[in-house]
Amino acid sequence: MSSPPSLSAILITFNEAHNLPDCLRGLQGWVQEVVVVDNGSTDGTADLVRARALVDHRVRLVDASTKSGEAHARNEGVRAARTPFVAFCDADDVVADGWVHAMWQGLVEHDFVVGPIETYRLNPPWLAEMRGTALFSRMPHTVNDIPFGHGCNFGVRREVAASIGFDEGVRIGADADFSVRAHLEIGRAHV
């Protein structure tokens, strides 16, 4: 790829300064911008991101400390994004080679895309199995059989994300809630 695709990687973080360098390294050279959304960290995350931004102009820090929660942080990331496509991952994740290109390529044709999650790469087997591998080994679905994306690994057109928004009243499962509402909204738009 000669130049990065027009995609913003949005990383939400809360006290993940120890994991953030690996996550940023995985995105190095592959995205147009990295929006690191700090949800009130007290571990030096903001300083780490500011230092990184001095050497990599694509990295930007967004302060989302006014309200705690992943939904608020994701909404702030969408508002700050400057590209037509956004892809979400968390600061304690490392993206696979080709992740950005696959997200971008999928979003050129679709409004919402998801990727697989590899639970064993960063977790010891006992922890990966404790979390339950079935939820990550295939496309997850709600009880109504609507597919959803894990918040740490999906992409969406920025205009769709801005229109639907993450429900900041949902404390757990805001990614699944967003996915269901996006699925219903996108389906209505294509009828």
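Valine 114 stands opposite phenylalanine 154 in strand S6, and that pairing is a handy way into this predicted model. S6 covers residues 154-157, and its partners include S5, at residues 112-114, and S4, at residues 85-90. Here's a quick tour, starting with the whole chain and then moving to strands, a helix, a cavity and a handful of single residues.

**The chain as a whole**

- You're looking at eight helices and six strands.
- Going along the sequence, they come in the order β-α-β-α-β-α-β-α-β-α-α-β-α-α.
- The chain has 191 residues, and 46% of them are buried.
- If you take contacts between residues at least 6 apart in sequence, 74% of them join residues at least 24 apart.
- The accessible surface adds up to about 10,000 Å², and carbon and sulfur atoms account for 53% of that.

**Strand S6 and its partners**

- S5 and S6 run antiparallel, with three bridges between them; this is where Val114 faces Phe154.
- S4 also pairs with S6 in the antiparallel sense, this time over four bridges.
- Within that S4 pairing, look for alanine 87, whose bridge partner in S6 is glycine 155.
- S6 is covered on both faces: Phe154 and Val156 are buried on one side, and Gly155 and Arg157 are buried on the other.
- As background, side chains in a regular strand alternate between the two faces of the sheet.

**Strand S2 and its partners**

- How many of the residues of S2 are buried? Six of the six are, so the strand is largely enclosed by the rest of the structure.
- On one face of S2 the buried residues are Glu33, Val35 and Val37, and on the other they are Val34, Val36 and Asp38.
- S1 and S2 run parallel and are joined by six bridges; among the facing residues, isoleucine 12 stands opposite valine 37 in S2.
- S2 also pairs with S3 (residues 59-63), again in the parallel sense, over five bridges.
- In that S3 pairing, valine 36 has leucine 61 as its bridge partner.

**Helix H3**

- H3 spans residues 70-80, and eight of its eleven residues are buried, so this helix is largely enclosed by the rest of the structure.
- The buried ones are Ala71, His72, Ala73, Arg74, Asn75, Gly77, Val78 and Ala80.

**The cavity**

- Rolling a probe the size of a water molecule over the atoms shows where empty space is left.
- Here the count is one cavity of 30 Å³ or more, and the largest cavity has a volume of about 40 Å³.
- Which residues line the largest cavity? They are Leu24, Leu27, Gln28, Val34, Arg52, Asp56, Arg58 and Val59.
- Sorted by class, that lining has four nonpolar, one polar and three charged residues.
- One of the lining residues, Val34, also belongs to a buried face of S2.

**Single residues in loops**

- Asparagine 15 sits in the loop between S1 (7-13) and H1.
- Its phi is near 55°, a positive value in a residue other than glycine.
- For context, most residues other than glycine have a negative phi.
- Is asparagine 15 buried or partly exposed? Asparagine 15 counts as partly exposed because its relative accessible area is 24%, and buried would need under 20%.
- Glutamine 32 is in the loop between H1 (20-27) and S2 (33-38).
- Glutamine 32 is partly exposed too, at 39% relative accessibility.
- Serine 6 is 26 residues from glutamine 32 in sequence, yet their C-alpha atoms are 5.7 Å apart.

**Single residues in helices**

- Glycine 26 is part of helix H1 and is partly exposed, with a relative accessible area of 24%.
- From glycine 26 to aspartate 93 is 67 residues along the chain and 9.2 Å between C-alpha atoms.
- Valine 108 belongs to helix H4 (residues 99-109).
- With a relative accessible area of 44%, valine 108 is partly exposed.
- What does valine 108 contact, leaving aside its neighbours within four places in sequence? Valine 108 is in contact with Phe85 and Arg157.
- Arg157 is one of the buried residues of S6.
- The C-alpha atoms of valine 108 and proline 84 are 9.8 Å apart, with the two positions 24 residues apart in the numbering.

Notes. Residues are numbered from 1 along each chain as its sequence is written. This is a predicted model: local features need pLDDT of at least 70, side-chain atom pairs count only at pLDDT 80 or more; totals for chains, interfaces and linings use all residues. Side-chain values use heavy atoms; hydrogens and water are left out. Helices (H or I, at least four residues) and strands (E, at least two) are DSSP runs, numbered from the N terminus. Buried means under 20% relative accessible area, exposed over 50%, partly exposed in between (1.4 Å probe, protein chains only). Contact means heavy atoms within 4.5 Å. Accessible areas come from the Shrake-Rupley method with a 1.4 Å probe; for residues, only the protein chains shown count as cover. Two strands pair if DSSP finds at least two bridges between them. On a 1 Å grid over the protein atoms alone, a cavity is a set of points where a 1.4 Å probe fits but cannot get out, and a pocket is an open set with protein on both sides within 12 Å along at least five of seven lines; lining residues have an atom within 4 Å of a point. Grid points are joined across faces, edges and corners, and a volume is the space filled by probe spheres set on the points. Ala, Val, Leu, Ile, Met, Phe, Trp, Tyr, Cys and Pro count as nonpolar, Asp, Glu, Lys and Arg as charged, and the others, Gly among them, as polar.
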